[in-house]
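Open the model in your viewer and keep the sequence panel beside it. The stops below say what to select and what is there.

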Amino acid sequence: MNQFPSRERVEHIREMYPVGTRIQLDSMGDDPRPIPRGTMGIVVGVDDAGSVMMKWDNGRSLSLIPGEDSFHKVDAEPTEEETIYETGRTAEQLSGTD
């Protein structure tokens, strides 16, 4: 039987992994189609069950489950795609050709 984490636990996860945080996957639990080890992505949110919703650099969007999946934050400059996602600006606007 799966139990949902407390509200406090979910808020703690949200504080640890705010939207825009870069993550690198170390290993994924028991998923039938796991994200490959070493894949990087960006946090797009944390749902009410405490899952870290991801947009992976390989185009997938599978969430992470803290305590089941192994992953870590990566300090890196955001990619152009991340900057577009976070700011809502187009590539042309970012490059100044707009």
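Which residue in β3 is the bridge partner of V46? Select V46 and then V52: V52 is that partner. Keep in mind throughout that this is a predicted model.

**The hairpin**

Select β2, residues 40–46, and β3, residues 52–56. The two strands run antiparallel and are joined by five bridges. Together β2 and β3 form a hairpin, with five residues between them. In the turn, click on G50, which has a positive phi of about 85°. Now colour β2 by burial: five of its seven residues are buried, so the strand is mostly covered.

**S51, in the loop**

Move to S51, which lies in the loop between β2 and β3. Is S51 buried or exposed? S51 is buried, because its relative accessible area is 14%, and the cut-off for buried is under 20%. To see what surrounds S51, show its contacts beyond four places in sequence: G45, V46, S63, L64, I65 and P66.

**The first strand and its two partners**

Select β1, residues 22–27. On one pairing, β1 runs antiparallel to β2, with three bridges between them. Within β2, G41 stands opposite I23. For the other pairing, add β4, residues 70–73. β1 and β4 are also antiparallel, and four bridges link them. Pick Q24 here and look across to H72, its bridge partner in β4.

**I23 and the nonpolar core**

Return to I23 and display its contacts, leaving aside neighbours within four places in sequence. The list includes M40, G41 and V43, along with M54 and W56. L64 is also in contact with I23, as are F71, H72, K73 and V74. Y17 and T39 complete the list.

Which residues have the most contacts inside the largest nonpolar core? They are I23, V52 and L64, in a core of 14 residues. Highlight α1 (7–16), β1, β2 and β3 to see the elements that give two or more residues to this core. β3 gives the most, with three residues.

**Rings and a charge**

Select Y17 and K73 together. The charged end of K73 sits over the ring of Y17, 5.6 Å from its centre. Both Y17 and K73 are among the contacts of I23 seen earlier. If you search the whole structure for aromatic pairs, you should find one.

**Stepping back**

Show the whole chain as a cartoon. How many helices and strands does the chain have? There are three helices and four strands, and along the sequence they follow the pattern α-β-β-β-β-α-α.

Switch to a surface view to finish. The chain exposes about 6500 Å², and carbon and sulfur atoms supply 47% of that area. Of the 98 residues in the chain, 26% are buried. Among contacts between residues at least 6 apart in sequence, 47% join residues at least 24 apart.

Terms used
Residues numbered from 1 in each chain as written. Predicted model: local features only at pLDDT ≥ 70, side-chain atom pairs only at ≥ 80, totals over all residues. Heavy atoms only, no water. Buried < 20%, exposed > 50% of the residue type's maximum accessible area, 1.4 Å probe, protein only. Contact = heavy atoms within 4.5 Å. Core = buried A, V, L, I, M, F, W, Y, C linked by side-chain atoms within 4.5 Å. Pairing = 2+ DSSP bridges. Phe/Tyr/Trp six-rings, centres within 6.5 Å; stacked < 30°, edge-to-face > 60°. Lys NZ or Arg CZ within 6 Å of the ring centre and 35° of its normal. Areas by Shrake-Rupley, 256 points an atom, 1.4 Å probe, with all protein chains shown as cover.
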